[in-house]
Amino acid sequence: MVSYAKNNRHSASSAPEASHPGFADGSVDSFATERVSGRAGGSTGDPADYSANFLTGDSADGLAGDLASADVIVVGAGFAGAVLAREAAERGGQKVVVLEQRPHIGGNAYDEYDAAGILVHRYGPHIFHTNNRRVFDYLSRFCDWRAYDHEVLADIHGIYTPVPFNFNSIERHFEPELATSIIQRLLQTFGADAKVPIIDLRNSSDALLLQLADFVYVNVFSYYTQKQWGLTPEQIDPSVTARVPIYTGRDNRYFTDTYQGMPRNGYTKLFEELLKHPRIRVHVGLDAQEVVRFDYGDVESSDASKDPRWREEPGRNASKGPCGGEGPTASDSAVEANDPGGSDALDRPFERILVLERPFSGKLIYTGPLDLLADKRFGLLPYRSLDFVYKTYEQKHVLPCGTVNYTVDKEYTRITEFTYLTGQELGRTTIMEEYPRAFEGAVGQIPYYAILNSENEAAYERYRGLFAKLDGFFTLGRLAEYRYYNMDQIVARALELADRLFSFGELRHGA
Ligand SMILES: Cc1cc2nc3c(=O)[nH]c(=O)nc-3n(C[C@H](O)[C@H](O)[C@H](O)COP(=O)(O)OP(=O)(O)OC[C@H]3O[C@@H](n4cnc5c(N)ncnc54)[C@H](O)[C@@H]3O)c2cc1C
């Protein structure tokens with residue numbers, strides 16, 4: 001394991017005298033300049049391998065010098081930030097500084113060995129799957145894969161049931177004759193190997209299909225969704241129901257993508273390889289807001305009392321329900337009522353990026369939440385969070401497969417057993433229970449799932465407007481875009497942004 005110490009905290013006073021093309025007024029080159037392409041090989045996994053670019057407990061000068069030399073600053077070392085950083089360094093020949101607030105790289109895909117020697121995921125179980133050949137080939141440069149087909153069973157009153165609900169599931173819950181009739185009717189209506197949203201079954205006039213739809217709705221979907229999103233049944237938006245599929249076949253795999261598996265040595269190792277490049281510097285344990293801020297580039301706005309960023313902090317969101325219904329909305333904590341300058345002042349787009357209080361003219365790729373970057377002036381963007389409870393047992397396995405969903409009882413939504421994902425056989429095993437929680441923005445609490453409804457998306461767009469005029473500012477990733485993306489989608493988006501930035505000419509304004 002590579003361990004990362006925290007950076008020293010830096011203040012504006014640590015800004016260097018010299019500067020670089022990244023800054024508006026000069027040049028300094030503190031990076032290695034050789035161009036390296038192809039796979040970054042040869043790592044032994046020893047921390048010393050990364051001493052060149054993983055900065056651990058370095059001096060203030062180290063950070064200030066790196067920032068002064070940077071062509072590209074990337075905020076966040078998850079998939080979005082790490083892939084973009086690699087592309088900028090390798091394809092674009094840019095000097096890249098990555099700032100990560102957590103004490104490690106990998107974002108939510110971070111994994112590490114627990115005390116029992118089991119490789120566990122610290123921010124939810126992550127199974128890689130994609131149909132995107134480019135993404136798979138790209139990541140395959142940085143890791144070998146362990147073939148793994150994820151299976152999920154729902155525990156329905158003690159009966160383990162494959163999900164997505166398929167023909168095997170039907171046979172576990174309906175008498176044989178009825179099960180055969182339902183299966184035949186599904187095949188007649190939708191054909192084999194189709195994924196049919198249960199809304200289609202519920203809208204059907206066929207009694208058999210309706211019976212199946214009701215069973216799945218109650219036993220697989222309803223209670224699970226209430227736990228996941230903190231909703232009452234009435235608050236569940238019908239459009240969410242629409243997405244729950246029934247599979248007209250017997251394939252018990254949760255994902256049926258062309259490429260699926262786990263990085264053989266774990267995600268963190270994959271990230272170490274991604275970020276190991278002579279033109280990349282990674283600073284962990286540093287909130288980018290300590291060194292980056294935005295202003296209007298004029299004298300008036302440099303008066304802090306006139307800058308809406310410094311107005312009274314809005315209150316926290318109440319933890320109401322989400323999910324297209326009456327969930328918490330950004331306006332719950334908006335500040336317009338306290339704003340004597342009116343919303344025009346609050347909505348005024350930033351005109352300059354300041355890094356260590358000096359104008360920055362390079363590219364800033366931001367993969368964190370926009371509301372925090374604008375000091376929550378329109379309130380917190382609503383999210384669901386999760387708590388995780390780990391348990392280790394002195395036996396080979398506890399569950400029958402990688403994940404069991406608890407769809408009719410229990411406070412947790414699901415349990416994942418990591419030894420299925422890793423293939424480790426140590427005579428002991430570690431499981432993880434997931435407890436959904438309201439996200440209240442407390443220190444250390446992680447926003448996991450954006451709560452998407454029209455009001456929250458409008459609040460996000462309002463935040464986005466603040467950054468829309470900035471040259472060289474780009475939002476990328478699940479937080480910065482306020483969306484749910486799988487890992488492969490994020491890698492694809494990062495590669496596409498890199499295509500635009502480093503292969504096909506410059507973009508002037510934020511993406
Ligand atoms: C519970 C759960 C399970 C999932 N399972 C799967 C799965 O099985 N398969 C799959 O494909 N996808 C899965 N996903 C989705 C996957 O987590 C995302 O696709 C992926 O994490 C997105 O990467 P990202 O870089 O956009 O965000 P993140 O991984 O969240 O990375 C963003 C990084 O930015 C850092 N950051 C934010 N603000 C700042 C700041 N101000 N200064 C410095 N650093 C900052 C954060 O600390 C974080 O490390 C799952 C998601 C969740 C929530």
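Which residue in β12 is the bridge partner of Ala-147? In this predicted model, local features need pLDDT of at least 70, side-chain atom pairs count only at pLDDT 80 or more, and totals for chains, interfaces and linings use all residues. Residues are numbered from 1 along each chain as its sequence is written.

The partner of Ala-147 is Gly-261, in strand β12. Strands (E, at least two residues) and helices (H or I, at least four) are DSSP runs numbered from the N terminus, and two strands pair if DSSP finds at least two bridges between them. Strand β7 (residues 145–147) runs antiparallel to β12 and is joined to it by three bridges. Strand β6 (residues 128–130) is also antiparallel to β12 (residues 259–263), again with three bridges; here His-129 is matched with Gln-260.

Turning to helix α5 (residues 176–190), its 15 residues should span 21 Å at 1.5 Å a residue, and its end C-alpha atoms are 21 Å apart, which agrees. The expected span is 1.5 Å times one less than the number of residues. Ile-182, Ile-183 and Leu-186 of α5 are buried (20 or more other C-beta atoms within 10 Å of a residue's own, against 12 or fewer for exposed and in between for partly exposed, with C-beta atoms placed from the backbone). Down the helix axis, the buried residues of α5 fall within an arc of 100°, so they line one face; the arc is that of the directions from the axis to the C-beta atoms. The face turned away from this buried side carries exposed Glu-177, Gln-184 and Gln-188. Just after α5, Gly-191 takes a positive phi of about 80°.
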